[in-house]
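Please explain how the sheets and helices of this protein are arranged, going through the strand orders and the helix packing.

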Amino acid sequence: MPKDLINLKSDAMNPPTAAMWQAMQDAQQGWVLDRQDPNVLELEAAAAALTGKEDALFLPTGRVACLVAVMTYCGRGTQIVLEQFSHIAWCQEWNFAHIAGAFPKPIPGHRGVLPPEAIVEAIVEARFGHRPKTSLVCLENTHNMAGGVCLTAEATNSACEAAHAHGVPVLLDGARLLYAAAALETPPSKLAASPDVVMFSLTKGLSAPAGAMLCGPRDAMAEAWENARRLGVASLQFAGAMAAAGLVALRTMQGCLVDDIRHARELGDRLNDIPGVRVDLDSLQTNIVMADITGLGVSAGAFLKSIYERGIWAHRLSENVLRFITHPGVNGEDIGIAVDAVAAVARDMPSKADSRA
Ligand SMILES: *Cc1c(COP(=O)(O)O)cnc(C)c1O
């Protein structure tokens, strides 16, 4: 990524802070495979406390953490009930199908939130008397594709009650759980109270060099660690240093997340004022801004290319929708520059209609 490019594409690419590099240099390395590295153990204890769970595991990526959770909770041929546009559905269904033999049961949510009745229906639905066993329900907080929408503690509890009433455990994909906690002004432990197992990322918005935490009951985490070993992801030899940086991330970065949310709100409000650009301000609750440019009559790809030439890097979500994400690597001044670039391109770009003429 060129140095002066303003990165609004991803909140997972920030380099570690100076304090994190220092912690990595100072970290004493321990034996990772037997869970004896001091920094990893300290980070796991901190993550368990943060989410109110008995135990936690430090794993290399959020996807691996979710996969390990699926391996731990889901037998072959069982179904996983999940929201149709959840990250685990669009990024991982083929990986858990391949490795764990479980299959997805996608159901539509409202702004990413699964109605409890729909969860129950998916669990009890019988076809000619046959009913696949549901082994897991997945929730996502914040919901990425819905635009960073928060799942409140109440909505989480209702979804979990519905699943638990039928004996089905719940995985919370909380890659950005700490953004939800900041936006809702609710402790993460409250948002994670009713799901059985929760993943949160150390890179999204937190600037740690790598890693995600899987938090849950002690026996399940012991089994999850065996599954991480089966996958070959338990022998991360430099884990102690990365965990030391992760600890600094938890101690120092959580307070910055409200700034990112404020920047996203400002970006969304100002983009929405540009003729032809529409931002769904109701779903703009955290650090993700979805901008629909249908009104400009140009493709998202062409538009992105033009703003990239002006130093703004965003993400193409679909033919008409761009996604902008704020994080500690962008400041208020960057937001102003981004808005100006989008406004200039929106004004100058020949629309599809014009270019056909
Ligand atoms: C980024 C993300 C993940 C995966 O995390 P990685 O560390 O990139 O594998 C999972 N769920 C959600 C909602 C995400 O945004």
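The paragraphs below take up the two sheets and then the helices that pack on one of them. This is a predicted model, in which local features need pLDDT of at least 70 and side-chain atom pairs count only at pLDDT 80 or more, while totals for chains, interfaces and linings use all residues. Residues are numbered from 1 along each chain as its sequence is written, and side-chain values use heavy atoms, with hydrogens and water left out.

Helices (H or I, at least four residues) and strands (E, at least two) are DSSP runs, numbered from the N terminus. Strands of a sheet pair through backbone hydrogen bonds, either parallel or antiparallel. Here two strands count as paired if DSSP finds at least two bridges between them.

One open sheet has seven strands, in the order β2-β8-β7-β6-β5-β3-β4, with mixed pairing. Its edges are β2 (55–59) and β4 (103–107); each has a single partner strand, so one side of each is left without a neighbour in the sheet. From one strand to the next the twist averages 20 degrees. Within this order, β7 (residues 197–201) and β8 (residues 212–216) run antiparallel and are joined by four bridges. Met199 stands opposite Leu214 in β8.

Another open sheet is made of four strands in the order β9-β10-β13-β12, and its pairing is antiparallel. At the edges stand β9 (278–279) and β12 (315–316), each with a single partner strand, so one side of each lacks a neighbour in the sheet. Two bridges join β9 to β10 (residues 288–292), and Arg278 stands opposite Asp292 in β10.

Two helices lie across strands of the four-stranded sheet; contact means heavy atoms within 4.5 Å. Helix α11 (residues 257–272) lies across β9, β10 and β13 (321–325), at about 10 degrees to β10. Helix α12 lies across β12 and β13, at about 40 degrees to β13. Axes are lines fitted to C-alpha atoms, for helices over the stretch in contact, and angles run from 0 to 180 degrees between N-to-C directions.

Helix α12 (residues 300–309) also packs with helix α13 (residues 332–348), at an angle of about 125 degrees and with the axes 9 Å apart. That makes α12 oblique to α13, since angles under 35 degrees count as roughly parallel, over 145 as roughly antiparallel, 65 to 115 as roughly perpendicular and the rest as oblique. On the α12 side, Phe303, Ser306 and Ile307 meet Ala341, Val342, Val345 and Ala346 in α13.
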